[in-house]
Amino acid sequence: MDKITKTAALPESAREFGFYVDGAWRGGRPLFERLSPGHGVPVTLIPKCTVEDLNEAVAAARRAFEDRSWAGLSGADRAGVLLRAAAILRERRDEIAYWEVLENGKPIAQARGEIEHCIACFEMAAGVARTLHGDSYNSLGDNLFGLVLREPVGVVGLITPWNFPFLLLCERVPFILASGCTIVAKPSEVTSATTLILAEVLEQAGLPAGVYNVVTGSGRVIGQAMAEHPDIDMLSFTGSTAVGRSCVHAAADSNFKKLGLELGGKNPFIVFADANIDDAVDAVAFGISFNTGQCCVSSSRLIVERSIAAEFEQKLAEKMTRIRIGDPLDEETQVGAITTDAQNDTILGFIAKGREEGATLVTGGTTLEIGGGRYIAPTLFSGVGRDMEIAREEIFGPVLSSFHFDTIEEAIEIANDTIYGLAASVWSQNIETALTVSRRVRAGRFWVNTIMAGGPEMPLGGFKQSGWGREAGVYGVEEYTQIKSVHIEFGNRAHWIK
Ligand code: TXE
């Protein structure tokens, strides 16, 4: 922890970005200075756009949608742009990873890995652009033929959070583009750089002007105006459940825009006594500490069979203390800095609350002094009561609560005892146990004897209050389409008025 080997230098001064509307860069707005979470130095200057800027971006996206310069292309031509974008991302991977680290605080090696996944998303979406299709019915009688068409929804607003700024963007943008829709993106105010860099990439790849626009600024002003905007046809929002709820109200009070919501999680990690214990220990240590636990699918509730609980927690605590926490620019770092002051306070507040409520702190619970950044040691609480706040609330930090069970029914019951349903994981070598649990626990993403595995083929999204709709995969393109039924009559009409 004290030996820090930087492999990349910090920028000499903060990089100033413009915002991007209708294929052109704009500036002249007041700037928000972003400090690197891992170092506390200024790294970027991001425009605080106005609602007028947003309106112009929406108008540009509307024109680009209506003029058919994108929606009117063949799937093959759309795929061509997406594949070129993938190739450019491959060339610019290290640069994009660098800005992601500087604004978010995640480790550089992890950021590079995430961009590999982003490239795969573009390649996957290119495939779907070519194969997306509707349906037909020749069962309507001899004179009637039915076509079911998938048409792009239109102008999509995209609001993304700060925990995976580029990854979450790329789990959405290529799939939205594959559908033929146009986009106005609003990144989190604290992590806007890579969303802006994607505009350069897409322009270079040949995306027509107005198809991808980026307006930066606060959620309260720009985000809220997007949710209320009468000319945005669909809004994809990823963030807190509270803001997700406000988007539902805003959509209802404006134009009933279609919503895709990926919200919070309190994800169970269920371990049976017959599991490969060492693998499960490693996976849960990873699942709660990855991205400092600022991860919507983080394994934040350990539900472990009582007969192995003591041994499991002891092995887990030992592993958690060996995670390499440090400078996000250090190639060896596994866990970096907490992204914002507010999130840091939230996490420390939950740790204090857990102690107050009487849970047993097994390891962690402290801040770490590294450089000028914000760091929290991976934390394990045992003896957590199901009504405690740390058991129920999404902490969004490296804080794990452990619960014990005696029967499979009890394990399922504890796992489902949450308002959320984003992800879950079960560990057992018994196929019956694994299948029973994976069918009975209500979650949109499920892992058996693994955690956070996947690829852009697999859809993402939540049950219950974790959200609506699915992103990525074929489903993630279909989500941005709407169905039109076309009825074609031929032959002579049977007259109504004889
Ligand atoms: O999220 P917000 P915050 C959870 C996590 C975290 C908590 C708060 O529990 O502790 O949310 O984080 C934009 N209308 N998640 O406050 O505010 C904002 O600008 C429209 C889970 O940072 O939801 C940003 O772009 N948009 C989650 C985005 O919403 C608004 C990831 C997310 O910010 C808005 C992030 C408004 N009124 C946080 N207010 C996940 N599922 O991964 C803000 N925004």
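**View 1. Helix 2 and helix 7 make a right-handed crossing.** This is a predicted model. Helix 2 covers residues 75-91, and helix 7 covers residues 193-204. Their axes come within 8 Å. They cross at roughly 130°. Angles over 145 degrees would count as roughly antiparallel, and 65 to 115 as roughly perpendicular. The crossing angle is therefore classed as oblique.

**View 2. Side by side: the residues where helix 2 meets helix 7.** Helix 2 contributes Ala-85, Ile-88 and Leu-89. From helix 7 come Leu-198, Val-201, Leu-202 and Gln-204. Of the residues in this contact, 6 are nonpolar and 1 is polar. None is charged.

**View 3. Three strands form an open sheet.** The strand order is 1-5-4, and the pairing is mixed. Strands of a sheet pair through backbone hydrogen bonds, either parallel or antiparallel. Strand 1 (15-16) and strand 4 (31-35) are the edge strands. Each of these pairs on one side only.

**View 4. Strand 1 pairs with strand 5 in the parallel sense.** Strand 5 spans residues 42-47. The pairing of strand 1 and strand 5 runs over 2 bridges. Look for Glu-16: its bridge partner in strand 5 is Leu-45.

**View 5. Helix 3 packs on the sheet.** This helix covers residues 93-104. Helix 3 touches strand 1, strand 4 and strand 5. The direction of helix 3 makes about 95° with that of strand 5.

Conventions:
Residues are numbered from 1 along each chain as its sequence is written. This is a predicted model: local features need pLDDT of at least 70, side-chain atom pairs count only at pLDDT 80 or more; totals for chains, interfaces and linings use all residues. Side-chain values use heavy atoms; hydrogens and water are left out. Two strands pair if DSSP finds at least two bridges between them. Helices (H or I, at least four residues) and strands (E, at least two) are DSSP runs, numbered from the N terminus. Contact means heavy atoms within 4.5 Å. Axes are lines fitted to C-alpha atoms, for helices over the stretch in contact, and angles run from 0 to 180 degrees between N-to-C directions. Angles under 35 degrees count as roughly parallel, over 145 as roughly antiparallel, 65 to 115 as roughly perpendicular and the rest as oblique. A crossing is left-handed if the near helix is turned anticlockwise from the far one by less than a right angle, and right-handed if clockwise. Ala, Val, Leu, Ile, Met, Phe, Trp, Tyr, Cys and Pro count as nonpolar, Asp, Glu, Lys and Arg as charged, and the others, Gly among them, as polar.
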